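User: Please take a close look at one part of this model and then work outwards from it. Which element gives the most to the lining of the second largest pocket?

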Amino acid sequence: MSETAIPGVKHCFQLKSASVSMTALELYFFDDGEFESTLRDKISQAPGFFKDIPLIISLEKYEGLSSELDFFKIIGTCRRYSIHVIGVRGGNDDQRRLARGASLALLPGGNQRDREIDTVPEAETTGAADSPTPARVESHREPAPAKIINQPVRSGQQVYAPAGDLIVLAPVQAGAEVLAAGNVHVYGPLRGRALAGIHGSEHARVFCQSLEAELVSIAGHYKISEDLQDNGWKTAVQIQLRDDLLVVTPLEKA
Amino acid sequence: MARIIVVTSGKGGVGKTTTSASISTGLAKRGHKTVVIDFDVGLRNLDLIMNCERRVVYDFVNVIQGEATLNQALIRDKRVDTLYILPASQTREKEALTKEGVEKVINELSERFDYIVCDSPAGIEHGALMALYYADEAVVVTNPEVSSVRDSDRILGILQSKSRRAEMGQDPVKEHLLLTRYNPDRVNRGEMLSVADVEEILAIPLLGVIPESQIVLNASNQGLPVILEEDSDAGQAYEDAVARLLGEEREHRFMSSQKKGFFSRMFKGG
């Protein structure tokens, strides 16, 4: 029996899996003076947005010398602007050793999707509205492509879209399972299990032509067939998460 | 090169061996050189239905293991002379069917025959996987009930992912739905799934509907492929299925209740 399951004993804490959206600073090279002036410039565009945020340093596009990487300087500079550097992502062994020396957390590199930060809250942007072209933190990137399946997904099969949406142009049969980091679209009957937002995206949705599912889950919140029967069963619906509850609404014909 | 057709279902007892016997006989009757292989090692049945159980000397596993030649193991059918049977071994395990061994036998048969019909064992284990691995076409035998449909769906998924055609990235295995033990009266009473229901769920083309019939059972017991019962509805339904398998267009029959005769209408009210 796991410790958390012992009744009557209240532990000091409990570990839970958490998925947090964070800002990454993609570093191309490091020069103390230039770093600070660029940072100051960015912050001046939306001062409130950057106050007390956690930041990770992404080294995946770092082109400078490893020896030039002074994490203590980076941390110090950021700290002066109330930004908390908590870790690094990517980088080679030398760079990661330096980061560890500066007590930074090490995050695995990879092809995580980063959105450019030009979606600063509206109230913040008004202050910088007179700047004609808002500077961009990162170069433009394509969104993760949707995975498209033309064949029926049969009992016992599993289809997984690890980054973007999953689009199935055929039935998803009973005993089959479809999973996506983003939305799940089924342009046929959904008879199996559909899991959207599997990395925790609570905005993900499930769309289907006929809801006959064994299970529908969004960001870990799920409903089984029994609980889905009363609303929209065997009709075209979308399912989304509202206040931690799965809500089924009909797809209106346009 | 022969066309390789697997008769499969996932679920047991739905009529795979009956169908293998009738389809292979039907192909052979039309003059195509045909061989039917029993992949159900350890539970062989095909030889009984083909009425050649007393002529089995060597079997499929003997050939794979080099203990007999193909010529020694092949049994020529007594009714249709372009039809041969390669029986299964009753005493071995299914693991005796190695991928390389099966490939060697199939390649050799491929040079001599027009059609190779593989009678799959039930389940999704090794024997069934070997039976479907080399297939060009699949006849998925399904009864009109939920668990059989579910198992057929499973086997269709395996055909798409684990067959040689899938692994080599060639054109997919051509799938056919054969609905057996169909009883329109029970469908009308809501006790069975209808043809439309099964087609809708499985979403593959319908090869034929074989009506539930005492004749099928009698023929099996006598060691006669039911397709040779030419006056019976089941025999004709198999004949139609073979024609469609060869690309002919034929209207589907035996899908609705038979019209009652004048007298039964008079006396039973209808």
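Analyst: Helix α11(B) gives the most, with four residues of the lining of the second largest pocket. Helices here are DSSP runs of H or I with at least four residues, strands are runs of E with at least two, and both are numbered from the N terminus. A pocket is an open set of points on a 1 Å grid over the protein atoms alone, where a 1.4 Å probe fits and protein lies on both sides within 12 Å along at least five of seven lines; lining residues have an atom within 4 Å of a point. The model is predicted, so local features need pLDDT of at least 70 and side-chain atom pairs pLDDT 80 or more, while totals for chains, interfaces and linings use all residues. Residues are numbered from 1 along each chain as written, chains are lettered from A and ligands numbered from 1 in written order, and side-chain values use heavy atoms, without hydrogens and water.

The lining comes to 32 residues, and Gly13(B), Val14(B), Gly15(B), Lys16(B) and Thr18(B) lie nearest the centre of the pocket. The volume is about 620 Å³, taken as the space filled by probe spheres set on the points, which are joined across faces, edges and corners. At least two lining residues come from each of α1, α6 (126–133), β7 (174–182), β8 (206–211) and α11 (214–222) of chain B.

Helix α1 of chain B runs over residues 16–29, and Thr25(B) lies in it. Thr25(B) is buried, because its relative accessible area is 1% and buried means under 20%, against over 50% for exposed and values in between for partly exposed (1.4 Å probe, protein chains only). Beyond its neighbours within four places in sequence, Thr25(B) has contacts with Met50(B), Val80(B) and Leu83(B), as well as Pro225(B), Ile227(B) and Leu228(B). Contact means heavy atoms within 4.5 Å.

Two elements that supply the pocket lining, α6 and β7 of chain B, are also among those that cover the buried residues of α7(B). The cover of α7(B) further includes β1 (3–8), β6 (137–142), α8 (164–168) and α10 (195–202) of chain B. Its buried residues are Ser148(B), Val149(B), Ser152(B), Asp153(B), Ile155(B), Leu156(B), Gly157(B), Ile158(B) and Leu159(B). Helix α7 of chain B spans residues 146–162, 17 in number, and reaches 24 Å from first to last C-alpha, close to the expected 24 Å at 1.5 Å a residue. The expected span is 1.5 Å times one less than the number of residues.

Strand β8 of chain B, another supplier of the lining, covers residues 206–211. The C-alpha of Pro211(B) is 7.1 Å from that of Asp233(B), with their positions 22 residues apart along the chain. Asp233(B) belongs to helix α12 (residues 233–245) of chain B and counts as partly exposed because its relative accessibility is 22%.

Helix α5(B) is a further example from chain B. Its 14 residues (99–112) should span 20 Å, and its end C-alpha atoms are 20 Å apart, which agrees. Buried in α5(B) are Gly101(B), Val102(B), Val105(B), Ile106(B), Leu109(B) and Ser110(B). Seen down the axis, these buried residues fall within an arc of 170°, so they line one face of α5(B); the arc is that of the directions from the helix axis to the C-beta atoms. Glu100(B) and Glu111(B) are exposed on the other side of α5(B). Ser110(B) counts as buried because its relative accessibility is 4%. Leaving out residues up to four places away in sequence, Ser110(B) touches Met1(B), Ala2(B) and Ile116(B).

Chain B as a whole has 13 helices and eight strands, and 56% of its 270 residues count as buried. Among its contacts between residues at least 6 apart in sequence, 74% join residues at least 24 apart. For chain A the secondary structure is six helices and 15 strands, 39% of its 254 residues count as buried, and residues 24 or more positions apart account for 39% of the contacts with a separation of 6 or more.

Chain A also holds residues with positive phi. Lys234(A), which is not glycine, has a phi near 60°; it sits in the loop between α6 (225–228) and β14 (237–242) of chain A and is exposed at a relative accessible area of 56%. Asp244(A), also not a glycine, has a phi of about 65°. Asp244(A) lies in the loop between β14 and β15 of chain A and is partly exposed at 47%.
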